[in-house]
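Student: I would like to go through this structure with you. Could we start with a single residue and work outwards?

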Amino acid sequence: MKIVIINYGAGNIQSIMFAIERLGFKAVLSNNPEEIKQADKVIFPGVGEASSAMKKLKESGLDNLIPTLRQPVLGICLGMQLMCKSSEEGNTKGLGIFDVDVIKFTSKVKVPQMGWNQIYDLKSDLFKGIPENEFMYLVHSFYAPNCIEAIATTDYELEYASALQKDNFYGTQFHPEKSGAVGEKILENFLKLNSNI
């Protein structure tokens, strides 16, 4: 199985690679459109600020490529947010895969939300074998409001979508690669989508 992690200079890529290796697979880093298109699974990471990350995607033409992909694609953290319509962070137009706008937590809570929080209302094969209310690791100041594409919910100031899915596109606000055994199970579930492993 060919697993490609999109390398556009905005990701904590090493920890994702190690998590995939622990599952017995190898991932390649690439920003080559042909290589990404030929992958069985694509992971779209992201750490940092939305507008500068989107600028990097545009410079490499990946902003046009990603929405056309047909294989399972997993956006993590900022990667998920960039797959939405827009983000208040840097007034950024997103890829428009998920029909939701990313907004900032208010000053009523500590921003960023940093550390462990629970996920619940789990839907989709991404959470196969994962009990409700498991704790996942999050670091973010912006969030996707609850919407029709939400497949997991988290409560911080209000209930928001901590995972999204539309067709072959999946996104997690939390970091599965930093969330221990449960996070690795979610990554394993992603790698098993549409395949016989």
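Tutor: Certainly; please bear in mind that this is a predicted model. Cys 77 counts as buried because its relative accessibility is 8%, under the 20% limit.

Student: Where is Cys 77 found?

Tutor: Cys 77 is found in the loop between β4 and α5.

Student: What about the phi of Cys 77, positive or negative?

Tutor: Cys 77 has a positive phi of about 55°, although it is not a glycine. Most residues other than glycine have a negative phi.

Student: Which other residue that is not a glycine has a positive phi?

Tutor: Ser 124 is one of them, with a positive phi of about 90°. Ser 124 lies in the loop between β8 and β9. Its relative accessibility is 26%, so Ser 124 counts as partly exposed.

Student: Back to the cysteines. How many disulfides does a search of the whole structure find?

Tutor: The search finds 0 disulfides. For Cys 77, the nearest cysteine sulfur is that of Cys 84, 12 Å away. Cys 84 is in no disulfide either, and the nearest sulfur to its own belongs to Cys 147, at 7.3 Å. A pair of sulfur atoms would have to lie within 2.5 Å to count, so the 7.3 Å separation rules out a disulfide here.

Student: Is Cys 84 buried or exposed?

Tutor: Cys 84 is buried, with a relative accessible area of 0%.

Student: Let us turn to pockets. How much space lies in the largest one?

Tutor: About 200 Å³ of space lies in the largest pocket. It is lined by 15 residues, and the closest to its centre are Gly 48, Cys 77, Val 139, His 140 and Ser 141.

Student: Which elements each supply at least two residues of that lining?

Tutor: They are α5, residues 78–82, and β9, residues 134–140. The largest share, 3 residues, comes from β9.

Student: How do the lining residues of the largest pocket divide by class?

Tutor: There are 7 nonpolar, 6 polar and 2 charged residues in the lining of the largest pocket.

Student: And how many cavities of 30 Å³ or more are there?

Tutor: The search of the whole structure finds 1 such cavity. The largest cavity has a volume of about 30 Å³.

Student: Which residues line the largest cavity?

Tutor: Asn 12, Ile 16, Pro 45, Gly 46, Val 47, Ile 76, Cys 77, His 175 and Glu 177 line it. By class, that lining has 5 nonpolar, 3 polar and 1 charged residues. Cys 77 thus appears in the lining of the cavity and in that of the largest pocket.

Student: Ile 16 is on that list. Which residues are buried in the helix α1?

Tutor: In α1, residues 13–22, the buried residues are Ile 13, Ser 15, Ile 16, Met 17, Ala 19 and Ile 20.

Student: What do the buried residues of α1 pack against?

Tutor: They pack against the strands β1 (3–6), β2 (27–30), β3 (41–44) and β4 (73–76), and against the helix α6 (180–192). Just after α1, Gly 24 takes a positive phi of about 90°.

Student: A change of topic: where is Phe 98, and is it buried or exposed?

Tutor: Phe 98 is found in strand β7, residues 98–104. Phe 98 is buried, with a relative accessible area of 0%.

Student: What is Phe 98 in contact with, leaving aside its neighbours within four places in sequence?

Tutor: Its contacts include Met 80, Met 83, Cys 84, Leu 164, Phe 169 and Tyr 170.

Student: Which residues does a cis peptide bond join?

Tutor: A cis peptide bond joins Val 111 and Pro 112, with omega about 0°. Pro 112 is placed in the loop between β7 and β8, the latter being residues 113–119. Most peptide bonds are trans.

Student: Finally, the whole protein. How many helices and strands are there?

Tutor: The protein has 6 helices and 13 strands. Its radius of gyration is 15 Å, close to the 16 Å that the globule rule gives for 197 residues, so the protein is as compact as a globular protein of that length.

Student: What does the C-alpha trace span, and what share of the residues count as buried?

Tutor: Along its principal axes the trace spans about 45 × 40 × 30 Å. Of the 197 residues, 52% count as buried. Among contacts between residues at least 6 apart in sequence, 69% join residues at least 24 apart.

Key. Residues numbered from 1 in each chain as written. Predicted model: local features only at pLDDT ≥ 70, side-chain atom pairs only at ≥ 80, totals over all residues. Heavy atoms only, no water. 1 Å grid on protein atoms, 1.4 Å probe; cavity = no way out; pocket = protein on both sides within 12 Å on 5 of 7 lines; lining within 4 Å. Points joined across faces, edges and corners; volume = space filled by probe spheres on them. Helix = DSSP H or I, 4+ residues; strand = E, 2+ residues; numbered from the N terminus. Nonpolar A, V, L, I, M, F, W, Y, C, P; charged D, E, K, R; others polar. Buried < 20%, exposed > 50% of the residue type's maximum accessible area, 1.4 Å probe, protein only. Contact = heavy atoms within 4.5 Å. Rg over C-alpha atoms; globule rule 2.2 N^0.38 Å.
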